[in-house]
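Here are my notes on this one, jotted down while going through the model. Have a look at the structure first, then read the points in order.

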Amino acid sequence: MTLRAIHRWLTVLFAIFMLWIAGTGVASQIVPLVQTKPAAQREAPQAQTAVAPPVNVSANSAADAAAASGPDEAAPAAAAPAPRRRSLVGLLHHLHSGESFGPLGVAISTLSGLALMFFAVSGMWMYFQMWRTRKSRSGKSGLFW
């Protein structure tokens with residue numbers, strides 16, 4: 001099997017996956033440039049968390065101190081929601097890397113990356129062979145024809 005035949009068969013096999021990877025990769029780079037922060041995030045002040053003073057609690061009365069502090073002081077502060085831009089970029093990253101499709105998606109994404117490297121090397125090698133053949137037959141030494 002020649003290098004061209006391998007190149008051709010791998011292209012047929014991986015074309016759809018490579019288009020998917022290229023599309024999601026480009027989209028993940030464009031989304032942060034296109035989207036802006038929502039108005040609610042620009043105008044909302046930074047929330048400051050109140051720090052309770054330390055309580056001197058012995059080992060025997062730890063449960064009493066926790067009960068006495070009340071539910072408001074014991075509950076952790078709610079995390080601020082992630083910006084929409086960040087969640088969309090995260091989704092695109094998971095689609096791009098194949099993580100959204102489980103281990104098989106990651107394997108296909110990795111194989112597609114390896115196929116892309118093969119296409120780059122084999123394409124340059126085939127071009128070099130055609131250039132060398134053209135140069136020896138016609139004497140033209142230009143890089144492109």
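**Notes on the predicted model**

1. Aromatics to begin with. Searching the whole structure turns up 5 aromatic pairs. One of them joins F118 and F119 in a tilted arrangement, with 6.1 Å from centre to centre and 55° between the planes. Keep in mind that this is a predicted model, so angles like this one are computed from predicted coordinates.

2. The two partners of that pair differ in cover. F118 has a relative accessible area of 25%, so it is partly exposed, given that the class runs from 20% to 50%. F119 comes in at 13%, and because buried means under 20%, F119 counts as buried.

3. There is also a ring cluster to look at. W125, F128 and W131 are linked into it by ring pairs. Of these names, W131 turns up again among the buried residues of α5.

4. Now the confidence. The mean pLDDT of the protein is 75, and 62% of the residues reach 70 or more. By element, α5 has the highest mean at 89, while helix α3 (residues 62-74) has the lowest at 51. I'd read anything about α3 with that value of 51 in mind.

5. The overall layout is quickly told. The protein has 5 helices and 0 strands, and along the sequence that reads α-α-α-α-α. Of the contacts with a separation of 6 or more, 65% are between residues 24 or more positions apart.

6. On the surface side, the protein exposes about 11600 Å², and 67% of that is supplied by carbon and sulfur atoms. Buried residues make up 17% of the 145 residues.

7. Helix α5 deserves its own point. It spans residues 102-138, which is 37 residues, and its first and last C-alpha atoms are 53 Å apart, close to the 54 Å expected at 1.5 Å a residue. The buried residues in α5 are G105, S109, S112, A115, F119, S122, M126, W131 and R134. After the helix comes G139, with a positive phi near 80°.

8. What does the side chain of S109 find at the backbone of S97? A polar atom of the S109 side chain lies 3.4 Å from the backbone oxygen of S97. S109 belongs to α5, and its relative accessible area is 16%, so S109 is buried by the under-20% cut-off. Leaving out neighbours within four places in sequence, S109 is in contact with I21, H96, S97 and G98.

9. H96 comes up again with T24. T24 sits in helix α1 (residues 3-34), and its side chain makes a polar contact with the side chain of H96 at 3.1 Å. Is T24 buried or exposed? At 8% relative accessibility, T24 is buried, because the cut-off is under 20%. Beyond residues up to four places away in sequence, T24 touches L92, L95 and H96.

10. V26 is another α1 residue to set beside H96. Their C-alpha atoms are separated by 9.5 Å, with their positions 70 residues apart along the chain. V26 has a relative accessible area of 48%, so V26 is partly exposed; over 50% would be needed for exposed.

11. Helix α4 (residues 84-97) contains L88. Which residues does L88 contact once neighbours within four places in sequence are left aside? They are V31 and Q35. The C-alpha atoms of L88 and P32 are 9.0 Å apart, although the two are 56 residues apart along the chain. At 26% relative accessibility, L88 counts as partly exposed.

12. Last, R8, which is also found in α1. The C-alpha atoms of R8 and F119 are separated by 9.5 Å, and the two residues are 111 apart along the chain. R8 has a relative accessible area of 53%, and it counts as exposed because that is over 50%. F119, on the other hand, is buried at 13%.

How values were computed:
Residues are numbered from 1 along each chain as its sequence is written. Side-chain values use heavy atoms; hydrogens and water are left out. Helices (H or I, at least four residues) and strands (E, at least two) are DSSP runs, numbered from the N terminus. The expected span of a helix is 1.5 Å times one less than its number of residues. Buried means under 20% relative accessible area, exposed over 50%, partly exposed in between (1.4 Å probe, protein chains only). Contact means heavy atoms within 4.5 Å. Accessible areas come from the Shrake-Rupley method with a 1.4 Å probe; for residues, only the protein chains shown count as cover. Rings of Phe, Tyr and Trp (its six-membered ring) pair if their centres lie within 6.5 Å; planes under 30 degrees apart count as stacked, over 60 as edge-to-face and the rest as tilted. A polar contact is a pair of N or O atoms within 3.5 Å; within protein, one must be able to donate a hydrogen and the other to accept it, and residues adjacent in sequence count only if both atoms are side-chain atoms. pLDDT is the predictor's confidence in each residue, from 0 to 100.
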